[in-house]
Amino acid sequence: MRTTLTLDDDVALKLKDRMKASGKSLKETVNETLRLGMTSKPIPREPFKVESIGLFSGLHFESTERMLEELEGPDYR
């Protein structure tokens, strides 16, 4: 298959380095690199969790002024 591909500068530089080291053409280097990337498995990661520690329950975080008033009292200024 023939196609046009626009590469970021850093990617093109890395491909040129690989081509120079291996002595292979751009086509061979791109195909090998894509095959390698498509066969590697992603690194498993645990889902991000947010846990409440129970502090400041009942505070209204959507309004800074209201939260400061609740924490400091009406004369917080």
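So, secondary structure: this chain has three helices and zero strands. Read from the N terminus, the order is simply α-α-α. Keep in mind that what you're looking at is a predicted model.

How confident was the predictor? The mean pLDDT for the chain is 85, and 84% of the residues score at least 70. Going element by element, α1 comes out highest with a mean of 96, while helix α3, residues 64–72, is lowest at 77. As a general caution, where pLDDT is low, we shouldn't read the predicted coordinates in detail.

Okay, burial. How many of the 77 residues count as buried? Just 8%. The chain exposes about 7,900 Å², and 55% of that comes from carbon and sulfur atoms.

There's a nonpolar patch on that surface, too: Leu 5, Leu 7 and Val 11, with about 240 Å² of accessible area together. Val 11 sits in helix α1, which covers residues 9–22. Val 11 counts as partly exposed because its relative accessibility is 36%, and the window for that label runs from 20% to 50%.

Last topic, charges. How many salt bridges turn up in a search of the whole structure? One. Which side chains make it? Those of Lys 24 and Glu 32, with an N to O distance of 2.5 Å. Is either partner tucked away? Well, Lys 24 has a relative accessible area of 32%, so we call Lys 24 partly exposed. Glu 32 is at 40% relative accessibility, so Glu 32 gets the partly exposed label as well.

Technical notes:
Residues numbered from 1 in each chain as written. Predicted model: local features only at pLDDT ≥ 70, side-chain atom pairs only at ≥ 80, totals over all residues. Heavy atoms only, no water. Patch = residues over 30% accessible without salt bridge, like charges linked within 9 Å, V, L, I, M, F, W, Y side chains within 5 Å. Areas by Shrake-Rupley, 256 points an atom, 1.4 Å probe, with all protein chains shown as cover. Salt bridge = Lys/Arg side-chain N within 4 Å of Asp/Glu carboxyl O. Helix = DSSP H or I, 4+ residues; strand = E, 2+ residues; numbered from the N terminus. Buried < 20%, exposed > 50% of the residue type's maximum accessible area, 1.4 Å probe, protein only. pLDDT = per-residue confidence, 0-100.
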